[in-house]
Amino acid sequence: MPVLTTTRLNLRPLQMDDFAAVHAYASVLDNVLFMPWGPNTEGQTIAFLEKAIATTRSNPDSADNLAVVLRESDQVIGGCGLSLTADLTGSLGWILHRDYWGQGYGTELAAELIRFGFEDLQLHRIWASC
């Protein structure tokens with residue numbers, strides 16, 4: 001999976017080194033209030049990262065589990081993904097640490113994932129839910 005780049009962000013595959021940053025948002029109720037998981041224990045965050053990394057290794061073109069990284073500081077501030085189905089449809093999702101809400105990062109990363117889905121992956125449909 002190539003790194004997707006926006007004006008302020010890099011979207012790249014998750015790594016085990018991202019544990020502290022991922023756990024910082026995945027373990028806080030405010031961040032996961034509308035997610036079907038969490039808040040995570042440390043063990044749950046480790047298990048998530050292991051699964052995400054294994055998925056990327058088995059399918060290098062997957063955009064399912066990407067770290068949202070500030071280009072300026074290389075700080076992981078969230079996660080995002082575009083999950084694909086067999087019928088050329090993608091499901092878009094993301095989570096950002098609450099310290100980065102209201103700054104347009106969600107809009108920026110969503111626009112790049114949508115561009116990637118339609119232009120690079122030739123998807124017919126992309127959807128998201130909350």
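Reader: What radius of gyration does the chain have, and what would a compact globule with 130 residues have?

Author: Bear in mind that this is a predicted model. For 130 residues, a compact globule would come out near 14 Å, and the chain agrees with that. Its C-alpha atoms fill a box of roughly 35 × 30 × 25 Å along the principal axes. The radius of gyration of the chain is 14 Å.

Reader: Okay, and in what order do the elements of the chain run from the N terminus on?

Author: There are four helices and six strands to place. Reading from the N terminus, the order is β-β-α-α-α-β-β-β-α-β.

Reader: How are the strands ordered in the sheet?

Author: It's an open sheet of six strands, with mixed pairing. Strand 1 (4-5) and strand 6 (125-127) each pair on one side only, which makes them the edge strands. The order across the sheet is 1-2-3-4-5-6.

Reader: Is strand 3 largely enclosed or not, and how many of its residues are buried?

Author: Buried here means under 20% relative accessible area. Strand 3 spans residues 63-70, eight in number, and it is largely enclosed by the rest of the structure because so many of them meet that mark. For the chain as a whole, 42% of the 130 residues count as buried. In strand 3, the count is six of the eight.

Reader: Which residue of strand 3 stands opposite Leu 9?

Author: Strand 2 (residues 9-13) runs antiparallel to strand 3, and five bridges join the two. Within that pairing, Asn 10 has Val 69 as its bridge partner. Opposite Leu 9 stands Leu 70.

Reader: What about strand 4: which of its residues stands opposite Ala 63?

Author: Strand 4 covers residues 76-84 and pairs with strand 3 over five bridges, again in the antiparallel sense. The residue opposite Ala 63 is Leu 82.

Reader: Which residue takes a positive phi in the hairpin of strand 3 and strand 4?

Author: Five residues lie between the strands of this hairpin. One of the residues there has a positive phi, near 65 degrees, and that's Asp 74.

Reader: Of the contacts between residues at least 6 apart in sequence, what share joins residues at least 24 apart?

Author: A contact here means heavy atoms within 4.5 Å. Among those in the chain that link residues at least 6 apart, the share joining residues at least 24 apart is 59%.

Reader: How far apart are the mean positions of the positive and negative charges?

Author: The chain carries 8 positive and 15 negative charges. Take the mean position of each set, and the two lie apart by 2 Å.

Notes: Residues numbered from 1 in each chain as written. Predicted model: local features only at pLDDT ≥ 70, side-chain atom pairs only at ≥ 80, totals over all residues. Heavy atoms only, no water. Rg over C-alpha atoms; globule rule 2.2 N^0.38 Å. Buried < 20%, exposed > 50% of the residue type's maximum accessible area, 1.4 Å probe, protein only. Lys, Arg positive; Asp, Glu negative; His and termini not counted. Charge placed at Lys NZ, Arg CZ, Asp CG, Glu CD. Pairing = 2+ DSSP bridges.
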